[in-house]
Amino acid sequence: PVLLDRAQPLPQSLLDEAALVYVAADDLRHLDLAQAMRGRVGKLVYTVEQPLADRLATTRDPRWSLRRQFGAVAWNLRRERALRAALRQADGVHLNGLATAASYARLNPRTLVYLDNRIRQPLLARSAEQAARAARLAAHAPLALVAAGPLEPDTGMEDVLPVARLLSNMGVDFRLEIVGQGPLAPRIAAGIAALGLGGRVRLSAPTAFEGHFLPRLRREADLALMPRHVPEGPGPYVEAMGCGLPVVGYASAGWRRLAQVSGA
């Protein structure tokens, strides 16, 4: 591998020798490569994770000043035309997620849309596990909820506590496990105690994804809560659905489209 300064343009010699230049376009820093690769042997493929709406959503960070937020919005809007032009001129485009596909798939006939996730065939829910879940719910067992993700301010994980309080006030028999770690952990733990939810809600650290976490989701959980404030790729949603779980999340463009297509 050759490490390069991200602030510097790519060396011309590297472009001359490359058979394939595969570029993440979300940082909007290498949109000139579509022109640079003209006349060269190598092919250029851009990959895009977020549409413009999602990139703009990430600029609404309460930790930023209003000036910085407005500046980030303006910069993204100015670069959007260049991004679209680069995608049209590329030899191929990879788009992660249905919202990204809705924004950019028509720009290039050589486009591949994918749903990036860590689920593999052996990790999918078994029919016996689905039947056991249905039987448990039919027997009026407590509804088993899980919310997993980084415990950071922009993830929305704090929002699961008002959901739990609402369910408790409605008399719903449930159990909620919040799985994650991060700076919000002490605040969430204090919130659980302050709301009197200690008997229903618990906070636990992440465990091995394939060896422990996914099997527990398949066998023990009934519903996944994903209150993501900042739009993200489809991975967490696909992984939860792969375990046989319906998902409740905010109606971001990505999740709204995925929910419609999957029926989940």
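In strand 2, the residue that serves as bridge partner of valine 23 is tyrosine 46. This pairing belongs to a predicted model, and it offers a convenient point of entry. Strand 1 and strand 2 run parallel and are joined by five bridges. The two faces of strand 1 are unlike in their surroundings: Val21 and Val23 make up the covered face, whereas Leu20, Tyr22 and Ala24 make up the uncovered one.

From the strands, one may turn to the nonpolar cores. In soluble globular proteins, nonpolar side chains tend to be buried together. The largest nonpolar core here has 23 residues, and those that touch the most other members are Val21, Leu33, Leu44, Tyr46, Leu83, Leu87 and Tyr104. Elements that each supply at least two residues of this core are strand 1 (20–24), strand 2 (43–48) and strand 3 (92–96), together with helix 2 (33–36), helix 3 (52–58) and helix 4 (66–89). Leucine 44 illustrates the packing: leaving aside residues up to four places away in sequence, leucine 44 is in contact with Val21, Val23, Leu33, Ala34, Met37, Ala90, Asp91 and Gly92. A second core, separate from this one, comprises 20 residues, among them Val146, Phe213, Ala221 and Cys243.

Phe213 also leads to the largest pocket, which holds about 410 Å³ of space. Its lining consists of 21 residues, of which Arg118, Ala148, Gly149, Phe209 and Phe213 are the closest to the centre. Strand 5 (143–148), helix 9 (209–220), strand 8 (223–226) and helix 10 (235–242) each supply at least two residues of that lining. By class, the pocket lining divides into 15 nonpolar, two polar and four charged residues.

Enclosed space remains to be described. The model contains two cavities of 30 Å³ or more. The largest cavity has a volume of about 130 Å³, and among its 17 lining residues the closest to its centre are Gly97, Glu232, Gly233, Pro234 and Gly254. Helix 5 (98–104) and helix 11 (253–262) each provide at least two residues of this lining, which is made up of eight nonpolar, six polar and three charged residues.

The second largest cavity encloses about 40 Å³ of space. Its lining is formed by Asp54, Arg228, Val230, Pro231, Glu232, Tyr237, Ser252, Gly254 and Trp255, a set with four nonpolar, two polar and three charged members. Glu232 and Gly254 thus appear in the linings of both cavities.

Key
Residues numbered from 1 in each chain as written. Predicted model: local features only at pLDDT ≥ 70, side-chain atom pairs only at ≥ 80, totals over all residues. Heavy atoms only, no water. Core = buried A, V, L, I, M, F, W, Y, C linked by side-chain atoms within 4.5 Å. Buried < 20%, exposed > 50% of the residue type's maximum accessible area, 1.4 Å probe, protein only. Helix = DSSP H or I, 4+ residues; strand = E, 2+ residues; numbered from the N terminus. Contact = heavy atoms within 4.5 Å. 1 Å grid on protein atoms, 1.4 Å probe; cavity = no way out; pocket = protein on both sides within 12 Å on 5 of 7 lines; lining within 4 Å. Points joined across faces, edges and corners; volume = space filled by probe spheres on them. Nonpolar A, V, L, I, M, F, W, Y, C, P; charged D, E, K, R; others polar. Pairing = 2+ DSSP bridges.
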